[in-house]
Amino acid sequence: MSSADAGRRSSAGQRPRAVMSWSSGKDSAFALHEVLRAGELEVVGLLTTVSQAYARVAMHGVRRALLEAQARALGLPLQVVELPAPCTNAEYEARMGAWVESARAQGITRVVFGDLFLEDIRAYRERQLEGTGLEPVFPLWQRPTPALAEAMLDAGVEATITCMDPRVLDRSFAGRSWDRALLAALPEGVDPCGENGEFHTFVHASPDFAAPLAVRGGEVVEREGFVFADLSPA
């Protein structure tokens with residue numbers, strides 16, 4: 001189906017087809033929750049970049065097996081873009097470009113992102129999708145993060161810190177639950193949602209999961225300037 005066909009279908013009253021840009025963390029989980037709650041888009045899958053060499057979610061370091069468990073809990077198919085390690089920007093853009101062509105063939109016209117307030121990241125995503133027939137959607141954009149963190153917790157989002165920047169957080173935060181006790185312990189200046197890259201999370205419970213995921217903690221290692229806490233299915 002062409003993007004024009006998809007546009008005609010949307011204008012005829014059917015909801016636009018969308019994929020969720022899925023990091024495996026709390027922000028993408030809550031952005032998906034807000035989109036599902038609003039009911040204006042038909043979410044047809046999760047889009048995730050995975051390291052070919054390590055079979056882990058890029059940046060978050062989450063095992064592919066856990067990513068697949070999240071998709072099953074949500075009842076949504078995964079659309080995985082595999083990236084080499086290391087991956088140049090040109091190679092990244094080429095592989096994402098191939099995915100865009102596949103998405104258009106599926107009648108997808110929206111990509112949902114969990115970004116909160118970083119203008120440069122939003123502008124980059126908008127540039128990458130400009131002229132592709134895919135429109136970016138930012139359901140959490142500029143919501144104050146202290147209140148947003150509380151809303152996530154109130155909704156039943158449960159997450160664990162899987163990657164953190166030791167320049168701004170002590171190593172002891174790696175592998176901790178992202179909860180109100182952790183929020184209270186964050187140093188001054190650290191965003192409660194980690195939007196400045198202070199930390200990344202893995203969501204093991206969400207209001208949209210069929211059931212919570214059982215996970216167990218493992219080794220904590222430092223690699224390329226970040227501290228990673230390994231998680232595996234329990």
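Here are some worked exercises on a predicted model of a protein chain.

**Exercise 1: The whole chain**

Work out whether the radius of gyration of the protein chain agrees with that of a compact globule, then add the other overall figures.

*Solution.* Start with the yardstick: for 234 residues, a compact globule would have a radius of gyration near 17 Å. The protein chain has 17 Å, so the two agree. Next, look at the extents: the C-alpha trace spans about 50 × 40 × 35 Å along its principal axes. For the make-up, count 7 helices and 11 strands. Then check burial, where 46% of the 234 residues come out as buried. The exposed surface is about 10900 Å², with 49% of it supplied by carbon and sulfur atoms. Finally, take the contacts with a separation of 6 or more: residues 24 or more positions apart account for 68% of them.

**Exercise 2: A pair of helices**

Describe how helix α2 meets helix α6, and say which residues make the contact.

*Solution.* Two packed helices are described by the angle between their axes and the distance between those axes. Here the partners are α2, residues 26-38, and α6, residues 145-155. Their axes come within 11 Å and cross at roughly 70°. Angles of 65 to 115 degrees count as roughly perpendicular, so α2 is roughly perpendicular to α6. Now for the residues: α2 brings Lys-26, Asp-27 and Phe-30, while α6 brings Leu-148, Ala-151, Met-152 and Ala-155. Sorted by class, that contact has 5 nonpolar and 2 charged residues, with no polar ones.

**Exercise 3: An aspartate in a strand**

Decide whether Asp-230 is buried or exposed, and find what it touches beyond its sequence neighbours.

*Solution.* First place the residue: Asp-230 sits in strand β11, which covers residues 226-233. Its relative accessibility is 15%. Buried means under 20%, so Asp-230 counts as buried. Now set aside the neighbours within four places in sequence; Asp-230 is then in contact with Arg-56, Arg-63 and Arg-216, as well as Gly-217, Gly-218 and Glu-219.

**Exercise 4: Two prolines in loops**

Locate Pro-192 and list its contacts, then say what is notable about the peptide bond leading into Pro-86.

*Solution.* Take Pro-192 to begin with. It belongs to the loop between α7 (180-185) and β9 (199-205). With a relative accessible area of 15%, Pro-192 is buried. Leaving out neighbours within four places, its contacts are Thr-145, Pro-146, Ala-149, Trp-178, Leu-183, Leu-186 and Phe-199. For a sense of distance, compare Pro-192 with Ala-210: they are 18 residues apart in sequence and 27 Å apart in space, C-alpha to C-alpha.

Now Pro-86, which is in the loop between β4 (78-83) and α4 (89-105). The peptide bond from Ala-85 to Pro-86 is cis, and its omega is near 0°.

**Exercise 5: Positive phi values**

Ser-24 and Glu-224 each have a positive phi without being glycine. Find where each one lies and whether it is buried or exposed.

*Solution.* Ser-24 has a phi near 90° and lies in the loop between β1 (17-21) and α2. Its relative accessibility is 0%, so Ser-24 counts as buried.

For Glu-224, phi is near 55°. This residue is in the loop between β10 (215-223) and β11. Exposed means over 50%, and with a relative accessible area of 74%, Glu-224 is exposed. To wrap up the pair, Ser-24 is buried, whereas Glu-224 is exposed.

Methods
Residues are numbered from 1 along each chain as its sequence is written. This is a predicted model: local features need pLDDT of at least 70, side-chain atom pairs count only at pLDDT 80 or more; totals for chains, interfaces and linings use all residues. Side-chain values use heavy atoms; hydrogens and water are left out. Axes are lines fitted to C-alpha atoms, for helices over the stretch in contact, and angles run from 0 to 180 degrees between N-to-C directions. Helices (H or I, at least four residues) and strands (E, at least two) are DSSP runs, numbered from the N terminus. Angles under 35 degrees count as roughly parallel, over 145 as roughly antiparallel, 65 to 115 as roughly perpendicular and the rest as oblique. Contact means heavy atoms within 4.5 Å. Ala, Val, Leu, Ile, Met, Phe, Trp, Tyr, Cys and Pro count as nonpolar, Asp, Glu, Lys and Arg as charged, and the others, Gly among them, as polar. The radius of gyration is taken over C-alpha atoms; the globule rule is 2.2 Å times the number of residues to the power 0.38. Buried means under 20% relative accessible area, exposed over 50%, partly exposed in between (1.4 Å probe, protein chains only). Accessible areas come from the Shrake-Rupley method with a 1.4 Å probe; for residues, only the protein chains shown count as cover.
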